[in-house]
Amino acid sequence: MKYVSTRGDTTPRGFSDILLEGLAPDGGLYLPERYPRVDAATLARWRAAADRSYAELAFEVLSLFVDDIPGADLRRLLQATYTDAVFGSREITPLAKLDDGVFLQELSNGPTLAFKDMAMQLLGALFEYELARRGEHLNILGATSGDTGSAAEYAMRGKHGIAVFMLSPHGRMSPFQQAQMFSLPDANIHNLAIEGVFDDCQDIVKAVSNDLAFKRRWKIGTVNSINWARLVAQVVYYFAGYFRATASNEQQVSFAVPSGNFGNICAGHVARMMGLPIRRLVLATNENDVLDEFFRTGTYRPRAAAETHETSSPSMDISKASNFERFVFDLVGRDGARTRSLFAETLAREGAFTVTGEEFARIAGFGFVSGRSTHADRLGTIRATWRRSRRLVDTHTADGLKVAREFVEPGVPMVVLETAQPAKFAQTICEAFAAGAAGGDVPTPTVPPALAGIEARPRRFTVLPADARRVMQYIEAHAG
Ligand SMILES: *Cc1c(COP(=O)(O)O)cnc(C)c1O
């Protein structure tokens, strides 16, 4: 399997070539040159593999996308990654029934209690493997306001050949998030608390990455959400959820996905293109509704910083959706020149683009529908779900559930992806029950035993001014 860029560069590259990379050289995103098609016999075999273990299913799926890692090695990496010990159950992504045809697929039982662990844990294993094979090392530089940084650190901790330098705004993360990251004792994890806001952290990462000599000298890399390996790791759980929610491969299911950067639902799109019987992909946004707007109107208009709302589902607070170009490439018939013109020209010049009427009409054929959810919707959904099903959901999952209910159809299971655990957003949970709870029946989100008392553990972090040179000096002194 070879990979090409969404902006027309068709130089064929293998999986291992693009594993450690971000953007393609022409500024596009990598996609497989074609989607492998899964026929009925294969789907039957995969249903049986899924019964054996999540790692076996993952091996079947990834084998179609990875042909430059020996099968025995890939299987071993997957078996070491998707374990009961790391993900809290043998099923890895258990399916819970809520009510009449609505299910929750739990993707947030990993070490940081959010779905990003599903892909990031595998990325850690793949990076370590590939770097050892090449005799190289990598210094991962990132900026985080919470979720991504901790998922990356928990995936890369203790890995050979890898050091992580994670910038966060000093004193601005939630106490739980700070504790999660800063309590890691591993010598290859460096928490740099920057005296500034998240944008300052991001600017520093950009400044360091733009210094090509420094970048090459110190082997600086990233783990952002456009990485293809992260995306393909997420394809697996759509198959797993489908097999759990159905008794036969004749049935269809719909998936509802709380979306921000379009990484998670893009993996659903890939699964559907492979032939998984997905009826609808229900995209849910919060008040930051860039994507809902596109799927309703055909116009993609990234927002300015001032127009980006801080919400109670913060991991979906995006101004633009960094993986969206992958879907647009498919929508325009995999025309790299057309994709380039939309993203590199029209968008750059006018701050927005609108697809043609003919292109817009094709969206239905890809199964996409969308909706948005507000703070009030989240609180109402969290309350209603507790009352109806005795299940506490987090704010992001609540956005997904709210929009999912607008698209439930008789006879088609609706699987809502649970992207985080409520314990991470305890404040909003409290608010949900303070606002309208009649009676004393108020749940408290529970923190899993592994993370209990985490706020009291010793912390390791270094405070630095918002100055790229100081960060570069730190990297020079501590690089792997
Ligand atoms: C990252 C994240 C999302 C958004 O996922 P995308 O792949 O960016 O669309 C939703 N919920 C939670 C909890 C997240 O951490």
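Trainee: What makes the pair formed by the backbone nitrogen of His 375 and the side chain of Glu 287 a polar contact?

Mentor: In this predicted model, the backbone nitrogen of His 375 lies 2.8 Å from a polar atom of the Glu 287 side chain. The cut-off for a polar contact is 3.5 Å between N or O atoms, and the pair at 2.8 Å therefore qualifies.

Trainee: Where does Glu 287 lie, and why is Glu 287 classed as it is, buried or exposed?

Mentor: Glu 287 is part of the loop between β10 (278-285) and α13 (290-297). Its relative accessibility is 17%; buried means under 20%, so Glu 287 counts as buried.

Trainee: What is notable about phi of Ile 92, and how do you know whether Ile 92 is buried or exposed?

Mentor: Phi of Ile 92 is near 70°, a positive value in a residue other than glycine. Ile 92 belongs to the loop between α5 (84-87) and β3 (95-99). With a relative accessibility of 1%, set against the limit of 20%, Ile 92 counts as buried.

Trainee: Which loop holds Phe 262, and why does Phe 262 count as buried or exposed?

Mentor: The loop between β9 (253-258) and α12 (263-274) holds Phe 262. Phi of Phe 262 is near 70°, a positive value in a residue other than glycine. The relative accessibility of Phe 262 is 1%, so Phe 262 counts as buried.

Trainee: What links Phe 262 to the ligand, and which other backbone atoms make such contacts?

Mentor: A polar backbone atom of Phe 262 is 3.1 Å from an oxygen atom of the ligand. For Gly 260, the distance from a polar backbone atom to a ligand oxygen is 2.8 Å, and for a backbone N or O atom of Asn 264 it is 2.9 Å. The protein covers 96% of the 380 Å² of accessible area that the ligand has on its own.

Trainee: How many residues surround the ligand, and what is the make-up of the shell?

Mentor: The ligand is surrounded by 15 residues, with Lys 116, Gly 260, Asn 261, Asn 264 and Thr 419 the closest. The shell divides into 5 nonpolar, 8 polar and 2 charged residues.

Trainee: How do you know that the span of helix α9 agrees with expectation?

Mentor: At 1.5 Å a residue, the 13 residues of α9 (residues 198-210) should span 18 Å, and the end C-alpha atoms are 18 Å apart, which agrees.

Trainee: Which residues of α9 are buried, and how do you know on which side they lie?

Mentor: Cys 201, Ile 204, Val 205, Val 208 and Ser 209 are buried in α9. They cover an arc of only 130° around the axis, and so lie on the same side of α9. On the other side of α9, Lys 206 and Asn 210 are exposed.

Note on methods. Residues numbered from 1 in each chain as written. Predicted model: local features only at pLDDT ≥ 70, side-chain atom pairs only at ≥ 80, totals over all residues. Heavy atoms only, no water. Near = heavy atom within 4 Å. Polar contact = N/O pair within 3.5 Å; in protein donor to acceptor, adjacent residues only side chain to side chain. Areas by Shrake-Rupley, 256 points an atom, 1.4 Å probe, with all protein chains shown as cover. Nonpolar A, V, L, I, M, F, W, Y, C, P; charged D, E, K, R; others polar. Helix = DSSP H or I, 4+ residues; strand = E, 2+ residues; numbered from the N terminus. Expected span 1.5 Å × (residues − 1). Buried < 20%, exposed > 50% of the residue type's maximum accessible area, 1.4 Å probe, protein only. Arc of directions from axis to C-beta.
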